[in-house]
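Hi everyone, thanks for making time this morning. I'd like to walk you through a model, so please take a look at the screen.

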Amino acid sequence: MQADTYTVAPARRPLTSVMHEWVTTVDHKQLGIMYIIASCGFLVLGGMEALLMRLQLWAPEMDLVSPDTFNQLFTMHGTTMIFFVVMPVEAGMANYFVPLMIGARDMAFPRLNAFGFWMFLFGGFLLYFSYFGAMGLYGAGSAPDIGWYAYAPLTSPAFSRGNSTDYWLLGTMLSGVGSVSFAVNMIATIITMRAPGMRLSTMPLFGWMILVTSGLILFAFPPFTAAEIMMLFDRHLGAHFFDTQAGGDGLLWQHLFWFFGHPEVYILALPAFGIISEVIPVFSRKVIFGYATMVMATVGIGFISMGVWAHHMFTVGMSDTIDLLFSGATFLVAVPTGIKMFNWTATLYGGRLRMTVPMLFALGFLALFLIGGLTGIMLAVVPMDWQLSDSYFLIAHFHFVAFGGILFGIMAGYYYWYPKAVGRMMNRKLGLWHFWLQFIGFNLTFVPMHFSGVLGMPRRVYTFEAGYGMEIWNQLSTIGAVVTGISLAIFVVNLIYSYFRGREAGDDPWNAWTLEWATTSPPPAYNFEEIPTVKSRRPLWDLKHPDDPDWKHE
Amino acid sequence: MISSRGHRSPQLLNINLTLVLAAIRSCLKLAAMIDHRIESAPCPLRINVRLLTWSMMALLIIAGTATPALAENNSIFSPASSNSEKINDIFYLVLAITGLIFVVVFGAIAAFVLRFWSRDAETAPEPPQIYGSWPIEIAWTIAPLLIIFVLFLIVIRSVNEQRPERAPSDALKVTAVGHQWWWAFDYREHGFITANELHVPLGDEEHPQSVFLELESADVVHSFWVPRLGGKTDLVPNRVNTMWFAPREAGIFTGQCAEYCGTQHSKMLLRVIVESPDEFEQWVENQQKPAVDDPAGAAGKKLFLELSCANCHTIRGTGAAGTFGPDLTHLMSRQTIGAGVQDNTRENLLIWIANPHTFKTGCHMPDMKLTPEQVETVVSYLITLK
């Protein structure tokens with residue numbers, strides 16, 4: 001009888017009441033899930049844009065889509081994936097799990113948290129509304145076609161008539177406001193709301209990575225917002241910051257943009273590093289190797305990444321000194337990143353590896369991010385960058401980082417934390433299909449792009465010339481994109497299927513060590529009945545091994 | 001053909017074959033190992049690991065057979081100038097360094113995964129916990145520092161070698177101006193302007209002839225990239241960038257704009273024609289002349305000047321002096337029209353003049369709504385512009 005009332009009662013709530021709760025909630029867990037669901041929606045859009053581009057590039061001189069449409073597709077694909085897929089899904093995971101991992105009942109500023117989410121969501125709507133509402137160079141219903149870094153003066157009123165560019169500026173600006181409020185909130189939460197006994201030096205690594213990410217957001221987004229406001233002044237109030245026809249400077253935009261744009265790469269990457277730093281130890285059944293160097297490397301990446309932005313601009317004709325300075329700084333970032341790779345690898349050593357789906361994604365991350373990192377070193381070699389910059393080699397490089405690295409890390413996070421948030425395990429069989437298809441599809445898509453780049457194919461072209469040996473590589477890429485698309489469809493099916501049919505998870509299905517596993521799945525609104533007291537980096541290990549607790553070794 | 005270093009491909013092929021064979025052998029070994037380890041693993045896992053190994057092998061084979069092919073075509077691996085040769089050498093060096101890092105780190109990951117893969121982790125006791133090791137962590141901080149130090153030295157040397165200040169003083173100077181979606185090449189020292197095709201003379205081993213480009217833009221940011229001749233340099237409005245290269249081979253080298261610049265970014269192609277000094281002199285002489293005044297084109301010329309054509313195009317020796325579009329004085333000396341969209345033939349010109357957007361949607365040359373007779377007449381003039 002009691003069970004009946006428990007299961008039936010929620011279903012009887014009127015829809016308006018449920019909707020009201022979703023719209024007005026300030027709960028960090030519910031907002032986290034809203035972030036994640038919204039990002040899934042944008043992932044479908046961004047993925048379809050990518051698939052259309054790949055189909056267009058199946059063979060030379062295809063005309064599946066027009067040149068203008070293609071230019072809109074890559075602009076929207078890049079903008080969507082960066083601002084409206086990876087940022088929010090990571091924000092969602094951080095929102096949901098950082099308070100749980102540090103033993104807090106909610107974020108420091110719950111209403112600011114909700115504000116941040118709605119800013120992001122409406123920013124995304126504004127961007128996509130351009131497909132219906134914007135007047136562009138080609139008439140009504142034009143999405144922006146300026147590329148995701150929107151180089152001036154292509155964005156000036158002379159070359160970008162109508163208002164599709166304004167939708168891009170306002171959409172990303174709004175979501176940036178959301179990101180900044182997220183960052184402020186995270187920093188306040190992590191600094192002030194840790195469970196008793198949890199020092200910064202005993203905080204889970206995911207918390208550290210989110211802390212550094214939030215710091216980077218605080219430094220990177222305001223200059224970007226300022227640049228966008230300057231651009232809007234140019235476009236509507238007759239200012240000439242970037243208007244080269246009136247003596248403005250196009251390179252000023254490039255500097256301002258990449259001053260945001262490069263830290264942004266680490267804003268996307270660090271949370272994924274954080275997930276990996278949680279998943280690998282749990283499924284190796286070992287403590288993370290070198291916690292202290294991990295933290296130092298993270299903070300080091302944070303600082304160095306603020307000083308490498310002009311490596312995106314080796315071809316614009318800067319002085320030797322500046323080229324060399326930024327090349328050196330870029331090499332330097334390889335050191336802390338290398339330390340992370342080595343520490344993760346060393347954590348595997350001597351472990352008892354459990355090949356669960358999250359672990360497979362984490363291992364996939366290690367392999368693919370390694371390649372992305374090494375091609376990054378190649379691109380930091382200035383003369384090689386003169387050849388490879390803005391070619392398909394570059395596309396391959398940053399997808400190995402952003403997709404092979406970051407998205408594989410996020411997927412590990414999905415499979416790892418889904419049982420906690422939903423109370424059911426994700427289906428393993430579908431998960432294996434998802435992993436292997438995504439792994440094969442990814443490699444099939446992006447390995448050949450290294451070759452088409454070397455053969456002279458520049459990025460952002462709606463077609464390529466026949467007879468230069470690029471055909472086969474583009475066809476392989478297109479096949480790979482289709483396989484990747486299928487794998488992501490399986491993932492979405494798995495999310496939905498497991499919600500209804502998944503095996504009951506219990507509180508701690510992975511036998512893990514951080515605090516989120518100390519409460520029920522899903523956790524109650526107040527998270528913990530009693531705030532736990534923490535003595536080490538792995539409070540649940542201490543609990544399970546009272547004979548040999550961590551705090552004796554740290 | 002002059003090449004001080006000989007042709008690279010055969011040598012490359014050999015290295016690649018050895019590499020590929022070694023890779024296949026180690027793959028087979030790995031596959032055998034994996035098979036051994038997962039004999040009693042759950043079924044899907046077994047299939048998947050085999051699948052992975054075989055697909056990795058397939059990838060390696062593809063990559064191995066691909067690399068020789070990459071040395072042909074327009075590849076940056078078949079350099080045709082002193083500059084791109086240097087970049088090519090650095091490429092192999094850096095590829096070797098990063099390749100070594102990859103083999104070591106990936107090898108460690110793969111070895112640890114195979115070695116410590118546990119089928120009974122759920123029930124087995126926890127392994128010994130290793131919290132870290134300062135000596136090891138310091139070692140793998142210092143090792144990468146040393147590697148990047150070496151790489152940085154390589155960068156310093158190579159950047160210094162390739163900078164415009166190092167261009168020989170007797171270089172041929174040309175100003176390249178990027179337009180939405182075509183190139184103007186202004187031979188200021190010779191007194192003429194042409195479009196989309198850059199002719200340069202070939203030196204010999206003792207006296208390599210360099211080309212020094214001043215890069216400007218008429219509208220948005222473009223980028224000059226001919227992979228076989230060297231790296232790319234952007235054309236930024238309000239700035240003059242420079243680059244140089246010294247070709248080592250005669251031939252036609254194709255390239256294209258490498259910075260997104262609007263609708264027809266993909267069709268902003270260019271070609272560099274490296275020819276013998278004699279051929280180059282002849283070409284220059286011809287370009288310096290005003291347009292030929294062939295009676296066969298008289299009617300077309302009249303029409304050209306009466307219609308709006310002259311507002312955008314220059315034909316030296318006539319009243320047409322527009323600068324928005326390409327200079328047409330010696331149109332028929334060029335191989336392509338529309339910055340590489342089509343071969344420069346009478347038939348294609350007919351289609352182009354009738355409506356340029358048939359070949360190049362969105363280009364800035366408007367459809368002038370000429371009657372078929374007018375198109376015919378104008379083209380009969382244009383094809384006299386040898």
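I'll start with chain A as a whole, move to a patch on its surface, and then turn to a strand and some cysteines in chain B.

Before anything else, please keep in mind that this is a predicted model.

So, chain A. It has 16 helices and 2 strands. Along the principal axes, the C-alpha trace of chain A spans about 70 × 55 × 45 Å. How does the radius of gyration of chain A sit against that of a compact globule? For 554 residues, such a globule would come out near 24 Å, and chain A has 23 Å, so the two agree. As for burial, 67% of the 554 residues in chain A are buried.

Now let's go to the surface of that chain. Here we find a nonpolar patch of about 390 Å², built from A:Leu52, A:Leu55, A:Leu64, A:Val482 and A:Ile486. Which elements give two or more residues to the patch? They are helix H3, residues 28-56, and helix H15, residues 471-501, both of chain A. Take A:Leu55 as one example: it lies in helix H3 of chain A. Its relative accessible area is 35%, so A:Leu55 counts as partly exposed, and patch members need over 30%.

Over to chain B, and to strand S1, residues 172-179. This strand is mostly covered, with 7 of its 8 residues buried. What are its partners? S1(B) runs parallel to strand S5 of chain B, residues 211-217, and 7 bridges join them. S1(B) also runs antiparallel to strand S2 of chain B, residues 182-187, through 5 bridges. The connection from S1(B) to S2(B) is a hairpin of 2 residues. If you want one residue to click on, try B:Gly178: it stands opposite B:Ser217 in S5(B) and opposite B:Trp183 in S2(B).

Last stop, the cysteines. How many disulfides are there over all chains? The count is 0. B:Cys257 is in no disulfide, and the nearest cysteine sulfur, that of B:Cys261, is 3.9 Å away; the cut-off for a disulfide is 2.5 Å. Is B:Cys257 buried or exposed? With a relative accessible area of 0%, B:Cys257 is buried. B:Cys309 is in no disulfide either, and its nearest cysteine sulfur, that of B:Cys312, is 8.9 Å away. B:Cys309 also counts as buried, at 15% relative accessibility.

That's my tour, thanks for listening!

Technical notes:
Residues are numbered from 1 along each chain as its sequence is written. Chains are lettered from A and ligands numbered from 1 in the order in which they are written. This is a predicted model: local features need pLDDT of at least 70, side-chain atom pairs count only at pLDDT 80 or more; totals for chains, interfaces and linings use all residues. Side-chain values use heavy atoms; hydrogens and water are left out. Patches are made of residues with over 30% relative accessible area and no salt bridge: like charges are joined within 9 Å, nonpolar side chains (Val, Leu, Ile, Met, Phe, Trp, Tyr) within 5 Å. Accessible areas come from the Shrake-Rupley method with a 1.4 Å probe; for residues, only the protein chains shown count as cover. A salt bridge is a side-chain nitrogen of Lys or Arg within 4 Å of a carboxyl oxygen of Asp or Glu. Helices (H or I, at least four residues) and strands (E, at least two) are DSSP runs, numbered from the N terminus. Buried means under 20% relative accessible area, exposed over 50%, partly exposed in between (1.4 Å probe, protein chains only). Two strands pair if DSSP finds at least two bridges between them. The radius of gyration is taken over C-alpha atoms; the globule rule is 2.2 Å times the number of residues to the power 0.38.
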